[in-house]
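Please open the model in your viewer and keep the selection tool at hand. The stops below go from the ligand to the strands around the start of the chain, and then to a helix.

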Amino acid sequence: MPEPLFKRLALIGIGLIGSSVARIALANGNIAGEVVANARTQATLDRVTQLGIAHRVELDPARAVAGADCVMLCAPVGAYAELAEAIAPHLAPGAIITDVGSTKQSVIRDVGPLMPDGVHFVPGHPMAGTEYSGPDSGFLTLFEGRWCLLTPPPGTDEDAVEKIAELWRRCGSMIEIMEPAHHDKVVAIVSHLPHLLAFTICGTADDLEDESRQQVLKFAAAGFRDFTRIAASDPVMWRDVFLNNREALLEMLARFTEDAQAMGRAVRWGDGEYIEDKIKRGRAIRRSLIELKQA
Ligand code: NAP
């Protein structure tokens, strides 16, 4: 087995993503010699201890990062600024700090300036997830065959970037290096807008008259049911994502609204050709995803 990449990995936040990394690190043994877990509440850390998915738990983030050669932020992105401030003075010289947050420009804005000289900051985003959260929801194969996007700011130490890339390869991911603004636009359309639509459609259904609402639940067909799965995601995590990718999300929403209105117009005027063309494009996208093994 190859040497572990790091002596000590500190996971700040240990929900779906953090606990999946922890499980993989413990199972593989080739990522870190020691895994330390931090969370906001003692209850989560007690659960982590019960599950046996970290070598050590620490409620104080400063104590969690002390002596760690790799620190991974796995909390909601809205908590990053405060966390970075709390851990910055305690980071070991030469340590690599990385993250898994779903937005990248905001993370670079909130965390970057607080990092001490000699600490390497490599922002990242594993493109894998489910609608579940908390330490029970993580699993060993979450990142297998999924992309992990790294968005190192210019001048980032190349060895540090390569070590984080290797960490994700050892979790089963493929790596792509991306410019942070481009990342935020891409994820706005492939992830953030679909979640916004799911939350909205469930809200719309919930606002219906009592009788219709009950029928929605009783007869929930595949379309609505699929939206409810996405809408079951963690409220704090998604609130933070929307507020920290505001511009890109609003841009995609504006484009979508125009297209939805065009579709509505085609329905109103009986433009079957337009409707059929859009549906064909949807089917083609689905087929491509299946071919790319990302469905
Ligand atoms: P999660 O399951 O809700 O877990 C969040 C973890 O962060 C919990 O351990 C929580 O502790 C901790 N936390 C919350 N606020 C904190 C604070 N102020 N200080 C320290 N820890 C704090 O979330 P997740 O789904 O793993 O998401 C974590 C990150 O991954 C987010 O930034 C998200 O954008 C990103 N991400 C998520 C997905 C996805 O599909 N879920 C995919 C890719 C990336 P307590 O349990 O004690 O509250």
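Which backbone atom of Ala75 lies 2.7 Å from an oxygen atom of the ligand? Select Ala75 and the ligand together: the atom is a backbone N or O of that residue, and the pair is a polar contact, meaning N or O atoms within 3.5 Å. This is a predicted model, in which local features need pLDDT of at least 70 and side-chain atom pairs count only at pLDDT 80 or more, while totals for chains, interfaces and linings use all residues. Residues are numbered from 1 along each chain as its sequence is written, and side-chain values use heavy atoms, with hydrogens and water left out.

Add Ser102 next, where a polar side-chain atom lies 2.6 Å from an oxygen atom of the ligand. The protein covers 87% of the 900 Å² of accessible area that the ligand has on its own (Shrake-Rupley method, 1.4 Å probe).

Now select residues 6–12, which form strand 1; strands are DSSP E runs of at least two residues, and helices are H or I runs of at least four, numbered from the N terminus. Five of the seven residues of strand 1 are buried, so the strand is largely enclosed by the rest of the structure (buried means under 20% relative accessible area, with a 1.4 Å probe and protein chains only).

Extend the selection to residues 32–38, strand 2, which pairs with strand 1 in the parallel sense over six bridges (pairing needs at least two DSSP bridges). Within this pairing, Arg8 has Glu34 as its bridge partner.

Finally, select residues 272–291: helix 12 has 20 residues, and Lys293, with a positive phi near 60°, follows this helix.

Note on methods:
Buried < 20%, exposed > 50% of the residue type's maximum accessible area, 1.4 Å probe, protein only. Expected span 1.5 Å × (residues − 1). Polar contact = N/O pair within 3.5 Å; in protein donor to acceptor, adjacent residues only side chain to side chain.
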